[in-house]
Each structure stands twice: as structure tokens, then as C-alpha cells.
Amino acid sequence: MAISLSQTFLSINRQLHGDHQVLPYEKCTSVASLSGQKFCIGRNKSMEFSTRSPRIPRALSKTSEPLSSIIHDFEKEIKPVKQEERRLADVWREIKGQDDWVGMLDPMDPLLRSELIRYGEMAQAAYDAFDFDPFSKYCGSCRFTRRQFFDALGMAHHGYHISRYLFATSNINLPNFFKKSRWPKVWSKNANWIGYVAVSDDEMSKRLGHRDITIAWRGTVTRLEWIADLMDFLKPISSNKIPCPDPMVKVESGFLDLYTDKDVNCRFCKFSAREQILTEVKKLLELYQDEEISITITGHSLGSALAILSAYDIVETGLNLLNDCRAVPVSVFSFSGPRVGNVRFKERMESLGVKVLRVVNVHDIVPKSPGLFFNENVSPVLMKLAEGLPWSYSHVGVELALDHTHSPFLKQTGDLTCAHNLEAHLHLLDGLVSYAQTIVQHEPALYHGKGRRFVLASGRDPALVNKASDFLKDHYLVPPYWRQDENKGMVRNKDGRWMQQERPILDHHHEDTHHHLKQL
């Protein structure tokens, strides 16, 4: 479940003692933020991330006390001292990468950080809503209908509604990505639910300063074996009927097949994921063409690769151009994503103006693959010589690198899935435990110096890290893998017998999909 505990903060009522360090406080104490602003600790109200400067209680926890005794009773809010408030509605284009996030990563811009966390939660929702249980006859589907989705996940405050679910055929060679039920009679033999398209409602659009169309792709939540499933073979993106004027623009074949394959005999995936995305975006752009609009695509792990592919596709096809010739900005907020294509793909993305901000953990192996030997870290001369090789890859966009060893809440572990965990990335973003690294012409720039302390900016609950992992230090007494469905979805029928609860039939495709597809 994607949870935002904006009224829970680290306890700051203890003086320095033992190995638990916190700053002393007064009833109304001015605290300097990382951006140099001053705030006042006062009574807590609900967080308005789009209009307020962030709350920054400062705490460095190395305690042996349980987490429940650290995150408790203080409902405090850091309020800005009298000054002009900086609103998201005024700077949304910069947040979406208009200037490639120059000057926003050192230090981390508070509005950018809150937006990254918000979009990360929308990507996490694709995991939380997915049925992974092979003993469920609905395995591989979404556990909620479109209208229930955000309410069921406790995310109604995000201010979005789902306009379409996305499905892909499981007939391609990615067995560790797709999940299948053991039941003989299932909701679909060949389809898996892989994400959704959502639109900001009127109230949220007012806060954002524009109408936001968000595409969230599901990735791989625990197992990393899907990396071995990759053929690690580049092929021209145009070979799968995606328009591209340069035949040397290539992407990883497995990602491309997942994005473009379909099964005409399956009602859920008779249209490819690509066709589902393009027709839905076209419909929504026509619906809101008189407003300011943005298209934001997010995903984690393999979902990050799909996010980058779909962003490229939307712009390359010219779908983001409105009738009045305005170009709708297309941005990607990617988490723990692998490399997707070659250098020519990267250059084509840049020339099209697609903005990509990649959030990675430096200890995660997924962003280091594919392209283990020939990648953006190799000298330009060598990369030029290797340009035609089918295993020469390059990351796209701007990289924001995090390091989980800087968090006092996380334990040192050799479990690679912990370093890849999305909730851990959101925890690190909230704590600014990072050096941010922008990759420009292969020259990394180091931000957030080593002397910076771990700061929970919004009070996001660290217990969320253990929702689907065992990453928090044991003395916090948060059980690993704590998120479970009640009774694993079993309910008692009228005869008193336990059985799996029936679910409503999921929507598959809008009736106008064929119409919009023909127009494309």
C-alpha cells in the first residue's frame, strides 16, 4: 500500500544521548533548511506539497530503540517564516525538466523532491495493486477496479483518477516478469496487468498549475532474475513498426517486444501496450486540448525501461503536438531503471526534447545492465568504435544517484533486491542521503557532500521500506515483508467455508480504441 504519513515525524524531544543524535527543540524554534530558508516548528496540519515549503525536522538516528518509539507522538509542523511561498503551479515546467534540472539537485529542490516521491508512489501503486499470488485465480491481474484503485490503496489524496488499465501479452520470453495462476480456469491465460494511465482531477490540476496525464508502468518487485531473461541484443526500433528516421537507433529487443507484441485472441491484449498507450494519450489530449497539459511517465525497474520507450514513442510520432501547434512536455521520472538503447537512441531522445530524470541507488546492479562492458562510462572514442555492436548501450537523461549506506535506518546487507527496492529509494529521496550525479558528456558532477546529515524532509515513514523487503535494521522491530492481504484474499461463504472472493471483471479496452488507432 502506498502510504504518505505526513503527520508522523521523527521524535525531536530528546537531547544527545547514547548513540541517538537529535537536535534540541523549543516550542517554536527556527530551523535552517538546506535551501537556506528558515522555518518554525508549530502545530501540524495536513501537508500541502504543491504549495508549501517542506517540513525538515532534523534527526540522525543510530539508536537501539524500536522505530515505534522514534516515530511517535510529535505532531509538529515546520512552517515558513513570513516570506513569499513558492508554488508548484509557478515552476511546474522546471520541475518537469525544462532546463534539465540544472541547479535543482544541489541542494535538492524541495518541490522537485516532493514530486519525485509522489510519482514514485504512483509507480509503487502498480506493485501494491498487482496480484502476485500463483494460488489466486486472478494472479497477474490488478486487485482493484479503476474506480476503486486510489481509494483502495489509501491514495485518494493524490488527486488522480484512472482512465485506462494497461495489459501485455505473456507470450514473450520474460518469464520472471509475468505471473500466472495455478488454477485451471483463470481471468486470462495470456495477459498480465502492467500499469495504468491516470489524469489529475480539477482540484489537483489547480495545485499543479496544469492538467497532468501520468502513465505508470509496473516493474519487477523482488526477483532480479528477469535481467538474465534479457537477450542483451540491440535491434532497430523501427523493426517493430515504431517510426524512426534513423535505422541506427536501437533498443534492447526484450523491452521492444514487451512494448509492441499483442495477442489478437485475447480480449485484454488484443492491442499491444504501445497501441493502448498511444490511443489513450491521444484521446486525453483531445479532451483537455484547451488547457495546459503535461505527460509524465514513471516506472521502476523494467517499468522504467517501458517508461522511456513510451516517452520516446509519444514524441517521435508527434502525438504530443496539439492542433494549435503547442508541444505538450513529456517527462520521465525513472527509478532503478536499466539501460534501454544505444548512443544513437540517447541522442535521438535528446533531439526530440524528451526529459528523463533517473533515480538510482549506486549499489543496485540493475542500472548497470545491460551493456556491462560498452556503455556511457567508456571513453567516447571507444564507444564510437563499438557503436555498431549489438551490446553497446548508453543511459539517457540526468542521473540522481543515491547511496543506501548513508541511511542510519537501513542495514548493511548483501541482498541485491534490497538495493533495488523502490520504497528504499523513496526513503533515501526523503532523507537526502545522496550525492546527486548529473551525467553530461560522461563527466559526473558530485553534489550533496559527504558531510551532509540524513534528514527526513517530509516525515515519510521509514517502516514503508520493509513493506516488501527486509532492509530496516532489526532493532527498529518492523517485521520484514509486512504488507499482506487479509487472510490472503480468503473469505467465508454463507455455508461457513473458506474460499477465494470473487472480483469484478476488469475493464479491458475502450470501444473507441479502434477509432483512435486508425487516426494514428
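**Salt bridges and a helix pair in the predicted model**

The side chains of Asp100 and Lys355 form a salt bridge, with an N to O distance of 3.1 Å. This contact, like the others described here, was computed from a predicted model. Asp100 is located in the loop between α2 and α3, whereas Lys355 belongs to strand β13 (residues 355-361); the pair therefore links distant parts of the chain, 255 residues apart. Asp100 has a relative accessible area of 36% and so counts as partly exposed.

A search of the whole structure gives 29 salt bridges. One of them joins the side chains of Lys96 and Asp212, at 3.4 Å from N to O. Distant parts of the chain are again linked: Lys96 is in the loop between α2 (88-95) and α3 (110-128), Asp212 is in strand β8 (residues 211-217), and their positions lie 116 residues apart in the numbering. Lys96 and Asp212 are both buried.

A further salt bridge is found between the side chains of Arg274 and Asp313, where the N to O distance is 2.5 Å. Because Arg274 lies in helix α8 (residues 273-287) and Asp313 in helix α9, this pair ties together parts that are 39 residues apart in sequence. The relative accessible area of Arg274 is 14%, under the 20% limit, so Arg274 is classed as buried. Asp313, at 0% relative accessibility, is buried as well. Elsewhere, salt bridges that share partners connect Glu121, Asp128, Glu423, Arg460 and Lys467 in one network.

Helix α9, which carries Asp313, also packs with another helix. Two packed helices are described by the angle between their axes and the distance between the axes. For α9 (residues 302-316) and α10 (residues 343-352), the axes come within 10 Å and cross at roughly 50 degrees. The two helices are therefore oblique to each other, since this angle falls neither under 35 degrees nor in the range 65 to 115. The crossing of α9 and α10 is left-handed.

On the α9 side, the contact is made by Ile308, Tyr312, Val315 and Glu316; on the α10 side, Phe345, Arg348, Met349 and Leu352 take part. Sorted by class, the residues in the contact of α9 with α10 comprise six nonpolar and two charged, with no polar residue. The charged residues are Glu316 in α9 and Arg348 in α10.

Key: Residues are numbered from 1 along each chain as its sequence is written. This is a predicted model: local features need pLDDT of at least 70, side-chain atom pairs count only at pLDDT 80 or more; totals for chains, interfaces and linings use all residues. Side-chain values use heavy atoms; hydrogens and water are left out. Axes are lines fitted to C-alpha atoms, for helices over the stretch in contact, and angles run from 0 to 180 degrees between N-to-C directions. Helices (H or I, at least four residues) and strands (E, at least two) are DSSP runs, numbered from the N terminus. Angles under 35 degrees count as roughly parallel, over 145 as roughly antiparallel, 65 to 115 as roughly perpendicular and the rest as oblique. A crossing is left-handed if the near helix is turned anticlockwise from the far one by less than a right angle, and right-handed if clockwise. Contact means heavy atoms within 4.5 Å. A salt bridge is a side-chain nitrogen of Lys or Arg within 4 Å of a carboxyl oxygen of Asp or Glu. Buried means under 20% relative accessible area, exposed over 50%, partly exposed in between (1.4 Å probe, protein chains only).
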